[in-house]
Amino acid sequence: AQYDPSNAVVAGEDPYALLERVMPRVATMQASDRYLEGGTIEDLRRFAADPLYGYAKIVKHGVIGQGLNDYDRIFSTMAKAGYSGWVSIEDGEGPTIEAGFANLKESVKFLREKMAKHFGPNGPEKSQPPNPKYAECVGCWVLAICWWLRVGGWLFRRPPARPSLTA
């Protein structure tokens, strides 16, 4: 399973209680952050989903570390459970491409600091650049771009070997 704390927030759920329930099944984690503009968590739970975006209009995408998610709490829980999977980033939004990349770099810097604090200086596992054979998987292009920009480093690790579909 993939854990995304922001999706729990968007759904009006407690992202920390959810993590506790699903931690034994978490294979990947998608780091992102949301903030509320013009409302509260209680409002979010009451609002009907916006049919255009799939969630209430008060939910905004932001730089990781500046929103509602407590990454110290999240990474502490994951480290205690022995997590060693991928951490991908959902970020890069901005009014211009340059602003989007600046936001992405800020998010990466924040995550690298938090991961070093909770997992040690090499993150969940010492990393190598993403293997091109995994380029078909959803989200891997983000990993490859981050590596190419040299803003990722050990933040991303190779997935475990998958069974062959042709054997």
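The dialogue below works through helix α4 and its aromatic neighbours in a predicted model.

User: Which conventions apply to this model, and how are its residues numbered?

Analyst: Residues are numbered from 1 along each chain as its sequence is written, and side-chain values use heavy atoms, with hydrogens and water left out. Because the model is predicted, local features need pLDDT of at least 70 and side-chain atom pairs count only at pLDDT 80 or more, whereas totals for chains, interfaces and linings use all residues.

User: Which residues of the largest nonpolar core touch the most other members?

Analyst: A nonpolar core is a set of buried Ala, Val, Leu, Ile, Met, Phe, Trp, Tyr and Cys residues joined through side-chain atoms within 4.5 Å, where buried means under 20% relative accessible area, exposed over 50% and partly exposed in between, with a 1.4 Å probe and protein chains only. Here the largest core has 22 residues, and Met-29, Tyr-71, Ile-74, Phe-75 and Met-78 touch the most other members. The elements giving two or more residues to this core are α2 (15–22), β2 (28–31), α4 (71–80), β5 (86–89) and α5 (97–119); such helices (H or I, at least four residues) and strands (E, at least two) are DSSP runs, numbered from the N terminus.

User: Where do the buried residues of α4 lie around the helix?

Analyst: The buried residues of α4 are Tyr-71, Ile-74, Phe-75, Thr-77 and Met-78. Seen down the axis of α4, they fall within an arc of 155 degrees, so they line one face of the helix; the arc is that of the directions from the helix axis to the C-beta atoms. They pack against β1 (2–3), α1 (5–10), α2, β2 and α5.

User: How many aromatic pairs are there, and what describes the one formed by Tyr-71 and Phe-75?

Analyst: A pair of aromatic rings is described by the distance of the centres and the angle of the planes. Rings of Phe, Tyr and Trp (its six-membered ring) pair if their centres lie within 6.5 Å, and planes under 30 degrees apart count as stacked, over 60 as edge-to-face and the rest as tilted. By this rule the count is 3 aromatic pairs. The rings of Tyr-71 and Phe-75 have centres 5.6 Å apart and planes at 50 degrees, so this pair is tilted.

User: Which ring in α5 pairs with Phe-75?

Analyst: Phe-75, buried at 0% relative accessibility, forms an edge-to-face pair with Phe-119, at 5.8 Å centre to centre and 70 degrees between the planes. Phe-75 lies in helix α4 and Phe-119 in helix α5, so the pair ties together parts that are 44 residues apart in sequence. Tyr-71, Phe-75, Phe-110 and Phe-119 form one aromatic cluster.

Note on methods
Contact means heavy atoms within 4.5 Å.
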